[in-house]
Amino acid sequence: MSEFGGNPILVLLEVDAGGSLSSSAAGLLGGASEVGTPIALVMSQDAAVARSAGDMGAAIVLQVKGSGSLEELVDALDAAYHRVSPEAVMVTNSINGRDVA
């Protein structure tokens, strides 16, 4: 078993314009927990945002500090994918989520 637990599921969580996790975060983490160990990837300068992902059920939270640009999100997801070696990757069904995927 890796440091990320059995069957890690990497979940990219979006941060809304107000700086909080988007409303889809809890559902994505809940879905991931049904099939494996939810590992959240959050791009935010605010540690409280990362903590809230843990409060919602992420077993581990990977926080990346950045502006949240599409390029940074893609790079962060790619790096997290290679670090975690997940069984699956989940993203929200939004414009950003689709573009990142």
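Let's start with Asp-75, which is partly exposed, with a relative accessible area of 47%. Keep in mind that what we have on screen is a predicted model. Asp-75 is found in helix α3, the helix that covers residues 70-84. Which residues gather with Asp-75 in a patch of negative charge? They are Glu-71, Glu-72 and Asp-78, and together with Asp-75 they make up that patch on the surface.

Now stay in helix α3 and look at Val-84, which lies in that helix too. Is Val-84 buried or exposed? Val-84 is buried, because its relative accessible area is 3%, and buried here means under 20%. So what does Val-84 touch, if we skip residues up to four places away in sequence? The answer is Phe-4, Pro-8, Ile-39 and Leu-62.

Here is a nice pair to find in the structure. Val-84 and Gly-5 are 79 residues apart in sequence, yet from C-alpha to C-alpha they are 9.6 Å apart in space. Gly-5 has its place in the segment before β1. Gly-5 counts as buried, because its relative accessible area is 18% and the cut-off for buried is under 20%. You can also pair Gly-5 with Ala-25: in sequence they are 20 residues apart, and in space their C-alpha atoms are 20 Å apart.

Let's turn to the backbone for a moment. Most residues other than glycine have a negative phi. Asn-7 is not a glycine, but its phi is positive, near 50 degrees. Where is Asn-7 found? Asn-7 sits in the segment before β1, the strand with residues 8-13. Asn-7 is partly exposed, at 43% relative accessibility. Ser-85 also has a positive phi, of about 50 degrees, and Ser-85 is not a glycine either. You will find Ser-85 in the loop between α3 and β4, where β4 is 88-90.

Next, please find helix α1, made of residues 25-35, because Ala-26 is found there. Why does Ala-26 count as partly exposed? Its relative accessibility is 43%, and partly exposed covers the range between under 20% and over 50%. Ala-26 also makes a pair with Ser-52: they are 26 residues apart in sequence and 9.8 Å apart in space, C-alpha to C-alpha.

My last stop is Val-100, in helix α4, which has residues 95-100. Val-100 counts as buried, at 9% relative accessibility. Which residues is Val-100 in contact with, leaving aside neighbours within four places in sequence? They are Leu-12, Leu-70, Leu-73, Val-74 and Leu-77.

And Val-100 takes us back to the patch we began with. Glu-71, one of the residues in that negative patch, is 29 residues from Val-100 in sequence and 8.4 Å from Val-100 in space, C-alpha to C-alpha. So if you want to practise after the meeting, pick out Asp-75, partly exposed at 47%, and then Val-100, buried at 9%. Thanks for listening, everyone!

Technical notes: Residues are numbered from 1 along each chain as its sequence is written. This is a predicted model: local features need pLDDT of at least 70, side-chain atom pairs count only at pLDDT 80 or more; totals for chains, interfaces and linings use all residues. Side-chain values use heavy atoms; hydrogens and water are left out. Patches are made of residues with over 30% relative accessible area and no salt bridge: like charges are joined within 9 Å, nonpolar side chains (Val, Leu, Ile, Met, Phe, Trp, Tyr) within 5 Å. Accessible areas come from the Shrake-Rupley method with a 1.4 Å probe; for residues, only the protein chains shown count as cover. A salt bridge is a side-chain nitrogen of Lys or Arg within 4 Å of a carboxyl oxygen of Asp or Glu. Lys and Arg count as positive and Asp and Glu as negative; His and the chain ends are not counted. The place of a charge is taken as NZ of Lys, CZ of Arg, CG of Asp or CD of Glu. Helices (H or I, at least four residues) and strands (E, at least two) are DSSP runs, numbered from the N terminus. Buried means under 20% relative accessible area, exposed over 50%, partly exposed in between (1.4 Å probe, protein chains only). Contact means heavy atoms within 4.5 Å.
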